[in-house]
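Here is a walk through one protein model, from its open spaces to its packing and its backbone quirks. Keep the structure open beside you as you read.

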Amino acid sequence: MMSSRKKWFSVLLMLCLIVTMFPTVGMAANAKFSVAASAVSASSDDGNVPGNTVDGDLNTRWSASGDGQWIQFDLGSNKKVAYLKIAFLNGTGRTSTFDIQTSTDNSSFSTVQTNVTSALADGLQTFDFPDVDPARYVRIVGHGNSLNAWNSYTEVEIYGDASTAGSGTVVNVTNTTELKAAITAATAGTTIVLANGTYSGPFSISKNGTASNPIVIKAANQGQGVIAGTGGFKLSNSSYITLDGLKFTNTGTAISLSASSNVRITRNKLALAANTAATKWIVLNGSGSNNNRIDHNEFGPRHDLGQMISIDGVDGQVAQYNTIEYNYFHDADPQTENGGETIRVGLSGLSMSDGFNTIQYNLFVSLDSDPEVISVKSKNNTVRYNTFRNNKAQVTARHGHNDSFYGNFFFGDGVKAGVGGFRIYGNEHKIYNNYFEKLTQAAINIDGGDFDAGPNGANYTSDDLAKHWRAYRVQVTNNTVVDSTSSSIAVGLSYTYAPVDSRIANNIAKSSAGPLYNEAKTSNTVFEGNIGYGAALDNVSRTSSEIKNVDPQLSPSGGLQKLTPTSPAVNASVGSYTYVTDDMDGQPRSVNDVGADEYSTSTIVRKPLTAIDVGPAAP
């Protein structure tokens, strides 16, 4: 017979088991949200539509090719989001990489996790992260997979519970005094709304929101909250602040971030009053001004000297992991002094530090204030998918190493002087998949140097950082240059030291002006798989395996000169350049074609940008 003690123990054990089957009172039990197909959208697709990811069928999918392609889920109202489950096409054969972002308003997105990589497995995989509350929109931003640039998800499930964060505090202000008071009182989740009118700065901010509850300062009506006076917003030791929809007409700097991170500057108009001294419109400096986003703004016109955006730093370290995207930069007047770059990423004293900054999907038009429209002066940054139209300037790898420049479009009118492409100094840079048309300066110049730091860039003193460093191991691959009036691709146009161990491969140069490949200095640069047509190929004797004199058979398409099916460039690339996985259109490459374009019937993902694609009013 069971003793009474054993009976009570058995009963207690049974009760404990029953209790664990149900959520504890007051504790949330995360559940899968129901998302209709109509509530799923995406940046693009190849015919496999975004709604396929919520149909419960692992045999259907959403697919889009290209780094940055996204799929988004509208939960209908603010929720607490706890984790995701995602199933991937061919999940056992390749890993996929992506970011997870959330938003409450479908405008300002916060990154929850970055560069997440899937496991090699079929079926749904769980991706957990700290709960985000509130969030209505969940976005997955794809970075391709381990084999190619495709993002393909068969099912996505989102889990969480009702939001407990509420909508936060909204403070409406109508004048400068009220705005300063609201900034002083702001806490995480506060939204300060500026009524139409003029507010006299500067305004100092030292505040911290959170990823799920940022502090937002925004115009009630886009562009109607005007910041005037002798300065704009000075943020120090701040985080998770958003500046949205304002118009800046002040003198001095519009926005400065000092030791501030996760700040978003979005959908603003910057047309500052002229200054007598060189002035940075937006500047990031101090320690830890990282992970900031500057997007969908308009910059210009500009009549004075200084940078529109300057990514600086402190103690030898440039600010890191910042993103500049979907902005419209235009109309900067010529200056008599240097220092008028539109964007500068680093300084000579910061040039040996890693930036990991990204400049993408921006439009640059008629910017004549400096020979460098973008000046990169640090290491490991990316300039991609931008469009440059008739700027009297080049994009320059001025200091630093290991920067990447790809998928950009450059256009001139064939008349305006000084309209160029890239000018390169330093080591290990990659320039590929870029398109150039009607330029009047070299499309790509791996320039000579006036200082040699050695093959590893290690032999220098601080006094040497400002010099033009000799280029080592630069790779110029799969670019297309058409109808330009200067050299298409050049080696060592200036200074003393010729580039070393660089490669020029699988490019197309078609123009009546030559030499198309201009080797101004003797070097050991390797040429292979290039095409030239219409003028003298080179001022050095090259074999047909290095530069082939043949018509690439280009035809107008979408404002570009693109390959035709009978082009000798089709399937003709040589050598091993594994980073060239898609083309300028974002179409995947199979057997790679020569030039920036891959002849393909796949969906075009990227194209040259116009003013309707960028700036405050863009989607």
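## The second largest pocket

Start with a pocket: the second largest one in this predicted model has a volume of about 440 Å³. It is lined by 22 residues, and Thr104, Asp105, Thr191, Pro214 and Val216 are the ones closest to its centre.

Where does the lining come from? Four strands each chip in at least two residues: E5 (96-103), E7 (125-145), E12 (215-219) and E14 (241-244). As for its chemistry, the lining of this second largest pocket splits into 14 polar, 5 nonpolar and 3 charged residues.

## Two enclosed cavities

Moving on to closed spaces, there are 2 cavities of 30 Å³ or more. The largest cavity holds about 50 Å³ of space, and its lining consists of Ser44, Asp45, Asp46, Ser63, Ala64, Ser65, Trp150, Pro588, Ser602, Thr603 and Val605. Strand E3 (residues 62-65) gives the largest share of that lining, with 3 residues. By class, the largest cavity is lined by 5 polar, 4 nonpolar and 2 charged residues.

The second largest cavity offers about 40 Å³. Around it sit Val373, Phe388, Asn391, Ala393, Phe410, Phe411, Val419, Gly420 and Leu439. Its lining has 7 nonpolar residues, 2 polar ones and no charged ones.

Leu439, one of those lining residues, deserves a second look. You'll find Leu439 in the loop between strand E38 (435-437) and strand E39 (444-446), and its relative accessible area is 0%, so it is buried. Beyond its neighbours within four places in sequence, Leu439 is in contact with Phe410, Phe411, Gly412, Val419, Gly420, Gly421, Asp483, Ser484, Thr485 and Ser486. With Gly412, the C-alpha atoms are 4.9 Å apart, although 27 residues separate the two along the chain.

## Nonpolar cores

In soluble globular proteins, nonpolar side chains tend to be buried together. Here, the largest nonpolar core counts 79 residues, and Phe233 and Ile374 have the most contacts inside it. Setting aside residues up to four places away in sequence, Phe233 touches Ile183, Phe203, Ile205, Ile217, Ile227, Leu243, Leu246, Phe248, Ala254, Ile255 and Ser256. There is also a second, separate core of 24 residues, with Val35, Ile71, Leu84 and Ile158 among them.

## Aromatic pairs

The count of aromatic pairs comes to 30. Take Tyr83 and Tyr159: their ring centres are 4.7 Å apart and their planes sit at 10°, so the pair is stacked. Tyr83 belongs to strand E4 (residues 70-88) and Tyr159 to strand E8 (residues 150-162), so this pair ties together parts that are 76 residues apart in sequence. Both tyrosines, Tyr83 and Tyr159, are buried.

How are the rings of Phe98 and Tyr153 arranged, stacked or edge-to-face? Their planes are at 70° and their centres 6.5 Å apart, so this pair is edge-to-face. Because Phe98 is in strand E5 and Tyr153 in strand E8, the pair ties together parts 55 residues apart in sequence. Phe98 counts as buried at 0% relative accessibility, and Tyr153 is buried too, at 1%. Elsewhere, ring pairs link Phe299, Phe329, Phe364, Phe388, Phe405, Phe410, Phe422 and Phe436 into a cluster.

## A buried threonine

Strand E5 also contains Thr102, which counts as buried at 4% relative accessibility. Not counting residues up to four places away in sequence, Thr102 touches Ser108, Phe109, Ser110, Val112, Val132, Ala135, Tyr137 and Val138.

## Backbone oddities

Most residues other than glycine have a negative phi, and most peptide bonds are trans. Now for some exceptions. Gly300 and Pro301 are joined by a cis peptide bond, with omega about 0°; Pro301 is in the loop between strand E21 (298-299) and strand E22 (309-311). The bond from Gly514 to Pro515 is cis as well, with omega near 0°, and Pro515 lies in the loop between strand E44 (508-510) and strand E45 (517-519).

Two non-glycine residues have a positive phi: Asp331, at about 55°, and Tyr385, at about 60°. Asp331 is part of strand E26 (residues 328-332) and is partly exposed, with a relative accessible area of 35%. Tyr385 lies in the loop between strand E31 (382-384) and strand E32 (387-389), and with a relative accessible area of 5% Tyr385 is buried.

Terms used. Residues numbered from 1 in each chain as written. Predicted model: local features only at pLDDT ≥ 70, side-chain atom pairs only at ≥ 80, totals over all residues. Heavy atoms only, no water. 1 Å grid on protein atoms, 1.4 Å probe; cavity = no way out; pocket = protein on both sides within 12 Å on 5 of 7 lines; lining within 4 Å. Points joined across faces, edges and corners; volume = space filled by probe spheres on them. Nonpolar A, V, L, I, M, F, W, Y, C, P; charged D, E, K, R; others polar. Core = buried A, V, L, I, M, F, W, Y, C linked by side-chain atoms within 4.5 Å. Buried < 20%, exposed > 50% of the residue type's maximum accessible area, 1.4 Å probe, protein only. Contact = heavy atoms within 4.5 Å. Phe/Tyr/Trp six-rings, centres within 6.5 Å; stacked < 30°, edge-to-face > 60°.
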